[in-house]
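Me: I'd like to learn how to read a model like this one, feature by feature. Can we go through it together?

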Amino acid sequence: MKKAIYPGSFDPLTLGHLDIIKRAAEIFDNLTVGVLDNHGKTPLFSVEERVNILKEATKDLPNVKVEFFSGLLVDYARENGYHVSVRGLRAITDFEYELQIAQTNKMLSGGALDTMFLTSDVEYSYLSSSGVKEIASFGGDISKCVPDFVVKPVYEKYNIHK
Ligand code: PNS
């Protein structure tokens, strides 16, 4: 059985993330979405909220499970037997950051954790969680950026009731 982890902050989940999840779930027998519980930065959504959103969004994908992790990805991967980390690449601007993470993880894991990149669909190549937050904070339209059921909860974080 080939399994992989798709790590990220998912704060919030975007349609671009969901597209990567669906495509990776077709490549691997089992895919785990690993939601980062990073105590260093204050997210818009708590880790529990992000896990619940991802569980709802992936409920029809039987080979996808959602978990959270804290600390280093390589430690979580080693403890749970993952040898492949999946990441999405939107544009060349992502590349340097992603290459650095991939190579760091390869070094930290002693070669045990590889990274596989899926290029984002052009339809979603402009999307980012930080962009979604900025648009929502000013009351802009995020309906083309996140799954339908996520739109309202994002606005509510900014006390915007639409
Ligand atoms: O969605 P993001 O915020 O771009 O995801 C970044 C993520 C979660 C993949 C990365 O920050 C991560 O794996 N953090 C866990 C800590 C870690 O392992 N750091 C070493 C690699 S730089």
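Me: Where does the ligand sit?
Reply: Keep in mind that this is a predicted model. The ligand sits in the largest pocket.

Me: Which residues surround the ligand?
Reply: For a shell like this, the cut-off is a heavy atom within 4 Å. Here the ligand is surrounded by Gly8, Ser9, Leu36, Phe69, Gly71, Leu72, Leu73, Arg87, Tyr97, Ile101 and Asn105.

Me: How do those residues divide into nonpolar, polar and charged?
Reply: Glycine goes with the polar group in this scheme. The shell then has six nonpolar residues, four polar ones and one charged one.

Me: And which helix gives the largest share of the shell?
Reply: That's helix α4, residues 92-108, with three residues.

Me: What should I look for in the way of polar contacts to the ligand?
Reply: Look for pairs of N or O atoms within 3.5 Å. In the side chain of Ser9, an N or O atom is 2.6 Å from an oxygen atom of the ligand. A polar backbone atom of Leu73 is 2.8 Å from a ligand oxygen, and a polar side-chain atom of Arg87 lies 3.0 Å from an oxygen of the ligand. As for burial, the ligand taken alone exposes 540 Å², and the protein buries 76% of that.

Me: Now the backbone. What counts as out of the ordinary there?
Reply: Most residues other than glycine have a negative phi, and most peptide bonds are trans. With that in mind, go to the loop between β1 (3-8) and α1 (15-27), where you'll find Pro12. The peptide bond from Asp11 to Pro12 is cis, with omega near 5°.

Me: What is the phi of Phe10?
Reply: It's positive, about 50°, although Phe10 is not a glycine. Phe10 also has its place in the loop between β1 and α1.

Me: Is Phe10 buried or exposed?
Reply: The cut-off for buried is under 20% relative accessible area. Phe10 is at 3%, so it counts as buried.

Me: Which other residue should I check for a positive phi?
Reply: Try Asn159, in the segment after α6 (148-157). Its phi is near 55°, and it isn't a glycine either. Asn159 has a relative accessible area of 63%, so it is exposed.

Me: How far apart are Ser137 and Pro12?
Reply: You can count along the sequence or go through space. In sequence they are 125 residues apart, while C-alpha to C-alpha they are 13 Å apart. Ser137 is found in helix α5, residues 129-137, and is partly exposed at 31% relative accessible area.

Technical notes:
Residues are numbered from 1 along each chain as its sequence is written. This is a predicted model: local features need pLDDT of at least 70, side-chain atom pairs count only at pLDDT 80 or more; totals for chains, interfaces and linings use all residues. Side-chain values use heavy atoms; hydrogens and water are left out. A polar contact is a pair of N or O atoms within 3.5 Å; within protein, one must be able to donate a hydrogen and the other to accept it, and residues adjacent in sequence count only if both atoms are side-chain atoms. Accessible areas come from the Shrake-Rupley method with a 1.4 Å probe; for residues, only the protein chains shown count as cover. On a 1 Å grid over the protein atoms alone, a cavity is a set of points where a 1.4 Å probe fits but cannot get out, and a pocket is an open set with protein on both sides within 12 Å along at least five of seven lines; lining residues have an atom within 4 Å of a point. A molecule sits in a cavity or pocket if more than half of its atoms lie within 2 Å of its grid points. Helices (H or I, at least four residues) and strands (E, at least two) are DSSP runs, numbered from the N terminus. Buried means under 20% relative accessible area, exposed over 50%, partly exposed in between (1.4 Å probe, protein chains only).
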